[in-house]
Amino acid sequence: MPVGIDDISFYTANFSLDLQELAANNGSNAAKYTVGIGQERMSVPGADEDVVTMAANACVPLLEGMKTRGEDSNAIKTILFATETGIDQSKAAGVYLHSLLKFSPRCRVVELKQACYSATAALQLATAWVARKPKEKVLVIASDIARYERQTPGEATQGCGAVAMIVSANPRLIVLDSETGIHTEDVMDFWRPNYRSTALVDGKYSTKVYLRCVRSAWQDFQQQSDLKFADFDYFCYHLPFSRMAQKAHNHLANGNAHELSTKTLEDQISSSLIYNRITGNSYTAAMYIGFISLLDNTAANLAGKRIGFFSYGSGSVGEFFTGTLVEDYQDMLHQQGHQSMLESRQPLNYADYQKMYAFEVPTDGGDHEFEHQTNGKFRLTGISQHKRLYQVR
Ligand code: CAA
């Protein structure tokens, strides 16, 4: 029985900073950002946006689609919420989402963490679950805010976003293969101790570990599957910034695809980079926003095409897996909604970006109402006695 992703959508925060504006104010050459790391803008969350509100907004088109088609959302009996921007050491962010979206109490919810990789772990667990209980569906969420210290090389690679996907039997979007390649290695390339709100990163080292991981995960995949590099039509990589995917693809192709031209290699990934170039890094969500970008921005019919995915989470775990797009997958796309959501973001000037960056959720246990900033359907309205308060508009 085929199992895979039935529907997928993403959401990002309502504000964005042009990296030219960042360069103009921090003394960098703008080309370092636009060419060197391949990024144009980064999404910036308002005070009333967090991983829960972004994730809930990402779910709306999926739930509306189910309603329009007369499908029962109670078939979703599991919500797996992947994030490395945890809002609580104990309570899963997905429980807030479960409440905001009025899911049935007969639905289990859990949070997963392993840097940017955990959404892929969630997806793999979901496929196994559905294979065992084919009538059930699993909602997989990836939601993160990438945040580095100001005036560091990482600052230009910030961003945020959330992806929601429904995993089911007989999926209408992509069937996933069960063979995957894995690489796990204990390294300190990027991490965030519990007492910090920004990540620590050994930037250049992290890019080297990423490349080592993609090669090793691919080698493991080759042991598990008969598929060769030439059997793949497109690739989606974890996207901390778009140049990283170009480097990874060339690295993987090296030794695998001497016969493929540079243009073919570029065509295999270019559409997957379009959205991330303007949202920035979104950790767990980044590769899946890349997948949506490929689907939304490729005019040709991709039905029957094989996609290779490489998911990377610092620290580090990587996985290479694959799937094939289904006939009429286009019926499940939310291209217009994605594009109008991206266009409606409010551009920030540098002063406003600094102000928004400086905002921290108060930790004094008092009652605090947050400024209404987002246009999204869901808001974090404030915090009262250490309890986060959410609202549906
Ligand atoms: N015009 C064109 N290109 C330029 C340029 C200019 N004027 N100036 C510099 N460049 C190029 C450089 O030559 C370099 O290109 P190559 O990588 O091809 O050599 C590129 O721009 C970057 O410049 P630097 O080497 O000077 O790098 P930096 O000190 O600015 O740091 C970074 C870059 C390490 C990616 C940094 O942004 C960072 O630490 N980011 C966060 C960590 C990260 O994203 N790591 C990725 C792997 S880990 C991961 O994937 C997990 C995750 O999500 C975090």
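Visitor: Which residue in β3 is the bridge partner of Phe-15?

Guide: In this predicted model, Phe-15 has Val-44 as its bridge partner in β3. Further along, Leu-17 stands opposite Met-42 of β3.

Visitor: How do you know that β2 and β3 pair?

Guide: Pairing asks for at least two bridges between two strands. Strand β2, residues 15-18, is joined to β3 by 4 bridges, so the two count as paired. They run antiparallel.

Visitor: What makes β2 and β15 a pair?

Guide: The same test applies, with at least two bridges needed. There are 2 bridges between β2 and β15, so this pair passes as well. These two strands run parallel. Phe-15 takes part here too: its bridge partner in β15 is Gln-346.

Visitor: Why is the pairing of this sheet called mixed?

Guide: Strands of a sheet can pair either parallel or antiparallel. Here β2 runs antiparallel to β3 and parallel to β15. The sheet is open, with 3 strands in the order β3-β2-β15, and its pairing is mixed.

Visitor: What makes β3 and β15 edge strands?

Guide: Each of them pairs on one side only. They are β3 (41-44) and β15 (346-347).

Visitor: Now to the ligand. How do you know that Lys-32 makes a polar contact with the ligand?

Guide: The cut-off for a pair of N or O atoms is within 3.5 Å. A polar side-chain atom of Lys-32 is 2.7 Å from a ligand oxygen atom, so the pair counts as a polar contact. Arg-243 also has a polar side-chain atom 2.7 Å from an oxygen atom of the ligand. For Asn-29, a side-chain N or O atom is 3.5 Å from a nitrogen atom of the ligand.

Visitor: How much of the ligand does the protein cover?

Guide: On its own, the ligand has 1100 Å² of accessible area, and the protein covers 74% of that.

Visitor: Where does the ligand sit?

Guide: The ligand sits in the second largest pocket. Elements giving two or more residues to the shell around it are α2 (30-37), α6 (203-224) and α7 (242-253). Of these, α6 gives the most, with 5 residues.

Visitor: Which residues come nearest to the ligand?

Guide: There are 26 residues around the ligand, and those that come nearest are Lys-32, Ser-206, His-238, Arg-243 and Lys-247.

Visitor: How do the residues of the shell divide?

Guide: The shell holds 12 nonpolar, 10 polar and 4 charged residues.

Technical notes: Residues are numbered from 1 along each chain as its sequence is written. This is a predicted model: local features need pLDDT of at least 70, side-chain atom pairs count only at pLDDT 80 or more; totals for chains, interfaces and linings use all residues. Side-chain values use heavy atoms; hydrogens and water are left out. A residue is near a molecule or strand if one of its heavy atoms lies within 4 Å of it. A polar contact is a pair of N or O atoms within 3.5 Å; within protein, one must be able to donate a hydrogen and the other to accept it, and residues adjacent in sequence count only if both atoms are side-chain atoms. Accessible areas come from the Shrake-Rupley method with a 1.4 Å probe; for residues, only the protein chains shown count as cover. On a 1 Å grid over the protein atoms alone, a cavity is a set of points where a 1.4 Å probe fits but cannot get out, and a pocket is an open set with protein on both sides within 12 Å along at least five of seven lines; lining residues have an atom within 4 Å of a point. A molecule sits in a cavity or pocket if more than half of its atoms lie within 2 Å of its grid points. Ala, Val, Leu, Ile, Met, Phe, Trp, Tyr, Cys and Pro count as nonpolar, Asp, Glu, Lys and Arg as charged, and the others, Gly among them, as polar.
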